[in-house]
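Work through the exercises below with the sequence and the structure open. Try each task before reading its solution.

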Amino acid sequence: MKTVYTAADPIMAGFIEGVLQNAGIQAHAMQAGLYGAAGEIPPNECWARVVVVHENQAAQARAVIKEYLEAEVDPQAEAWKCPRCGEQIEAQFTQCWNCGYER
């Protein structure tokens, strides 16, 4: 296993884990429960980390993470209506929360 991302926020680490899994990369968030130990051990040692199972996918995983984190939401973007189920979706989302349709 190879660490590809660390975060002070365990929720963000879990989210990045999901981003990688959606990209077809086997990843796991580790140490997510250690944030409560900050103060007893150095804070950065408590950070959650995301690891990839197959080390040869580390570079690909880092590229996926970078692309996601650097993506900008267009402030001029407008809400959209899902063509599959008709749900109204806010502009910053690219997937329908109701049926999973990708815009």
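Two strands pair if DSSP finds at least two bridges between them. Helices (H or I, at least four residues) and strands (E, at least two) are DSSP runs, numbered from the N terminus. The model is predicted: local features need pLDDT of at least 70, side-chain atom pairs count only at pLDDT 80 or more, and totals for chains, interfaces and linings use all residues. Residues are numbered from 1 along each chain as its sequence is written, and side-chain values use heavy atoms, with hydrogens and water left out.

**Exercise 1. List the elements of the chain in sequence order.**

Solution. Step one is the count: the chain has 3 helices and 5 strands. Step two is the order, which from the N terminus reads β-α-β-α-β-α-β-β.

**Exercise 2. Find the order of the strands in the open sheet of 3 strands.**

Solution. Start with the pairs. β1 and β3 are joined by 5 bridges and run antiparallel. One bridge pair between them is Thr6 with Arg49 of β3. β2 is joined to β3 (residues 48-52) by 4 bridges, again antiparallel. Here His28 faces Val51 of β3, and Ala27 faces Val52 of β3. Put together, the order is β1-β3-β2, with antiparallel pairing. The edges are β1 (2-7) and β2 (27-30), each of which pairs on one side only. From one strand to the next the twist averages 25°; axes are lines fitted to C-alpha atoms, for helices over the stretch in contact, and angles run from 0 to 180 degrees between N-to-C directions.

**Exercise 3. Which strands does each of the helices α1 and α3 touch?**

Solution. Contact means heavy atoms within 4.5 Å. Take α1 (residues 10-22): this helix packs on the sheet and touches β1, β2 and β3. Its direction makes about 175° with that of β2. Next take α3 (residues 58-70), which packs on the sheet and touches β1 and β3. The direction of α3 makes about 25° with that of β1.

**Exercise 4. Sort Gln21, Tyr68 and Gln57 by how much of each is accessible.**

Solution. Buried means under 20% relative accessible area, exposed over 50%, and partly exposed in between (1.4 Å probe, protein chains only).

- Gln21 lies in helix α1; its relative accessibility is 41%, so Gln21 counts as partly exposed.
- Tyr68 lies in helix α3; its value is 37%, so Tyr68 is partly exposed.
- Gln57 lies in the loop between β3 and α3; its value is 18%, so Gln57 is buried.

Now look at what surrounds Gln57. Not counting residues up to four places away in sequence, Gln57 touches Gly24, Ile25, Gln26 and Val52. Val52 can also be located relative to Gln21: the two are 31 residues apart in sequence, and their C-alpha atoms are 9.6 Å apart in space.

**Exercise 5. How much of strand β3 and of the chain is buried?**

Solution. Begin with the strand: 4 of the 5 residues of β3 are buried, and β3 is mostly covered. Then take the chain: 25% of its 103 residues count as buried.

**Exercise 6. What share of the contacts joins residues at least 24 apart in sequence?**

Solution. Consider contacts in the chain between residues at least 6 apart in sequence. Of these, 45% join residues at least 24 apart.
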